[in-house]
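Work through the exercises below with the sequence and the 3D structure at hand. Try each task before reading its solution.

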Amino acid sequence: MDNRENKTNKTPRSIFYYYGIALLVILIFNLILRPLIFSKREETTTYSEFINAVEVGEVEHVYFTETEIKYTKEINGRIYYFKTGIIDNPALPQLLQDKGVEYAAEIPTKPNIFLSILLNYGIPILIFFIIGRIISRNMKNKMGATGINIRGREVAKVYTPDKDKKTFKDVAGQEEAKESLLEIIDYLNNPLKYQKVGAKCPKGVLLVGPPGTGKTLIAKAVAGEADVPFFSISGSEFVEMFVGRGAAKVRELFEQANKKAPCIVFIDEIDTIGKKRDTGFSTNDEREQTLNQLLTEMDGFEGNKGVVILAATNRPEVLDPALLRPGRFDRQVRMELPDLIGREAILNVHLEKVNKEENIDVNLIARMTAGASGAELANIVNEAALRAVRNETNCVTTKDLEESVEVIIAGAVRKNAILSKEEKKIVAYHEIGHALVAAKQTGTAPVQKITIVPRTSGALGYVMQVDSEEKNLISKEDAKQRLAILCGGRAAEEIVFNSITTGASNDIEKATEIARSMVTRYGMSDEFGMMALQTGGNTYLGHSGESTVSPETARLVDIEVRDMIKEAHKKATEILLENREKMDELAKFLLEKETITGKEFMEILNK
Ligand code: ADP
Ligand code: ZN
């Protein structure tokens, strides 16, 4: 199957072989070539010849060393070098002086052996070493592509069992996922119990869920609970780091794991290697070989060996069906975005690790963060802790948490964004428009906070709404109300300034998305009713799927969407016109304070 790999798997020459050659080159250079190059051709003469030449005035320079006298003569414009031995002759300097010869003597120094070794050997070796590394790295890439195996050191580091141990206590919420993984832990703890009955442990479990829901975390926790080694590698590493060697790497990984069994092997982003094989021409491509090797390995090792493979993906629908067959990843565990209770639990887990005031309103923070993943919640707590340090209180408060929610959700407060007075006024009315439409429609969540302090995300202001309870089902009425709220900002601008600005672009985008989903996915339009107008779509990555309708119907859908938004806009305008005075009052208040709470808003509204 992968004979290409085997054929080319020649034993590679060790890097030390090349270093040896380099060292030899340096030695030859220093001991043989260097004296040849640097010693000038000097003719040896007698002392009397030297004295004669000085007398005649032929000598230009004289240089006394400890053992000889070197001198130069200029003949027909060319310099010739000579040397002779030393005879103790006190009159010589005077003679040279008289003849105008330039002369000098060597200052006797003890040769600095250390320095000369460093200069002659150390630096060249260093240079060779650096060049060698660069070349060998390039070679690894190039040869890797043809399947030649160069054993470098960093490759093996990838699978070292993890040291920081996690347990189920570190994973908040995700009760269903934990429950389905309990069996695996039990198996790893007492394999005998299962073997007696003849039951085989599931080999592979696929963890499916959006990014940041704790898939890696729970895999580590399974290893921690069962107290077995944890090997982890990401699918993308197979195809990026080990170019051309994906299949061999899979084999190595399983060799290692088998040695350490029982153990957990965790493959993150398995979709990068486990994508559906397409039936195109490129049947021998890298990814496919890697996938094939993975399948072979999974079929190959015995179920009772105690190697359990956990793999994570957020795109289960792109996986090759072969991966999901019995005996491979035949179990799926879903990791969902946490609900209100889950978010509270996650916040508590992470708050445990920071210094905080008593009575933190965790519930409030959880309610503010609908839709946030575990990773984002962890980030919010960390951000709050950083704030506490910055403010030198060193104690996380509810307020820190609230502020960091805004930082994470809306981007940090933009310090230098200065709005003109007129702009600020427009923004204030815009936000009050949203809030007022929200508050005036029954059943809409109360407003938590309104602000016109600009954020780095580009939002000039926003209305934060907090649902009093988690909503899983959204009724058509709810959806329509949301549309009206989104239209409220623009409507307020129109009413007050009789002109419109670009500030509503985000609202428009969101409103269109909601309206389109209502028509094409949720069967909420009168025109089409329960007809599905769209297929698939990745529920996790927000890809909305493909339209399945004819062009004419698509046009009708557009019209339907347009009408829905128009209607919502009309509704919003009506509400705002009815409450024109309140709107002015609220906008003025907001302009003054820049940030107002839901309570203040409601007080003015109900006055
Ligand atoms: P994934 O692998 O699903 O992308 P991770 O496991 O890498 O997500 O999660 C990232 C971080 O988010 C974790 O290290 C942890 O701090 C935090 N986290 C996510 N889910 C949870 C959870 N259920 N309980 C506690 N912390 C969580
Ligand atoms: Zn808006």
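**Exercise 1. The chain as a whole**

How many helices and how many strands does the protein chain have?

Solution. The structure is a predicted model. Its protein chain has 23 helices and 15 strands. The chain has 607 residues, of which 41% count as buried. Its accessible surface comes to about 34,500 Å², and 54% of this belongs to carbon and sulfur atoms. Next, take the contacts between residues at least 6 apart in sequence: 73% of them join residues at least 24 apart.

**Exercise 2. The order of a sheet**

Find the order of the strands in the open sheet of five strands, and name its edge strands.

Solution. Start with strand S1 (residues 43-44), which pairs with strand S4 (residues 78-85) in the parallel sense over two bridges. In this pairing Glu43 stands opposite Phe82 of S4.

Step across S4 to strand S3 (residues 68-75): S3 and S4 run antiparallel and are joined by eight bridges. Here Tyr71 has Phe82 in S4 as its bridge partner. The hairpin of S3 and S4 has two residues between the strands, and Asn76 in this hairpin takes a positive phi near 50°.

From S3, go on to strand S2 (residues 59-64), which runs antiparallel to S3 and is joined to S3 by five bridges. One of the partnered residues is Val59, whose bridge partner in S3 is Lys73.

The full order is S1-S4-S3-S2-S5, with mixed pairing. The edge strands are S1 and S5 (102-105), since each pairs on one side only.

**Exercise 3. The zinc site**

Which protein atoms are the donors of the zinc ion (ligand 2)?

Solution. The donors are NE2 of His430, NE2 of His434 and two OD atoms of Asp507, at 2.0 to 2.8 Å from the zinc ion. Along the chain they follow the spacing H-x3-H-x72-D. His430 lies in helix H18 (residues 421-440) and Asp507 in helix H20 (residues 505-520), so this pair ties together parts that are 77 residues apart in sequence. Both His430 and Asp507 are buried.

Now classify the geometry. A tetrahedral site needs all angles between 85 and 135 degrees. The angles among the four donor atoms are 52 to 145°, and the site is irregular.

**Exercise 4. Salt bridges**

Which residue forms a salt bridge with Asp558, which with Lys607 and which with Glu68?

Solution. A search of the whole structure finds 18 salt bridges; three are treated here. Side chains of opposite charge can pair when their charged atoms come close.

- Asp558 meets Arg516, at 2.7 Å from N to O. Asp558 is in helix H21 (residues 551-578) and Arg516 in helix H20, so the pair ties together parts 42 residues apart in sequence. Asp558 is partly exposed at 38% relative accessible area, and Arg516 is partly exposed at 31%.
- Lys607 pairs with Glu585, with the closest N and O atoms 2.8 Å apart. Lys607 belongs to the segment after helix H23 (598-605) and Glu585 to helix H22 (residues 580-593), and they are 22 residues apart. Lys607 is exposed, with a relative accessible area of 69%, whereas Glu585 is partly exposed at 32%.
- Glu68 pairs with Lys70, and their closest N and O atoms are 3.9 Å apart. The cut-off for a salt bridge is 4 Å, so this pair counts. Glu68 is partly exposed at 22% relative accessibility, and Lys70 is partly exposed at 25%.

Terms used. Residues are numbered from 1 along each chain as its sequence is written. Chains are lettered from A and ligands numbered from 1 in the order in which they are written. This is a predicted model: local features need pLDDT of at least 70, side-chain atom pairs count only at pLDDT 80 or more; totals for chains, interfaces and linings use all residues. Side-chain values use heavy atoms; hydrogens and water are left out. Donors are N, O and S atoms within 2.8 Å of the metal (3.2 Å for Na, K and Ca); water is not among the atoms, so sites may look incomplete. Four donors count as tetrahedral if all angles lie between 85 and 135 degrees; four count as square planar and six as octahedral if opposite donors are over 155 degrees apart and all others between 65 and 115; anything else is irregular. Helices (H or I, at least four residues) and strands (E, at least two) are DSSP runs, numbered from the N terminus. Buried means under 20% relative accessible area, exposed over 50%, partly exposed in between (1.4 Å probe, protein chains only). Two strands pair if DSSP finds at least two bridges between them. Contact means heavy atoms within 4.5 Å. Accessible areas come from the Shrake-Rupley method with a 1.4 Å probe; for residues, only the protein chains shown count as cover. A salt bridge is a side-chain nitrogen of Lys or Arg within 4 Å of a carboxyl oxygen of Asp or Glu.
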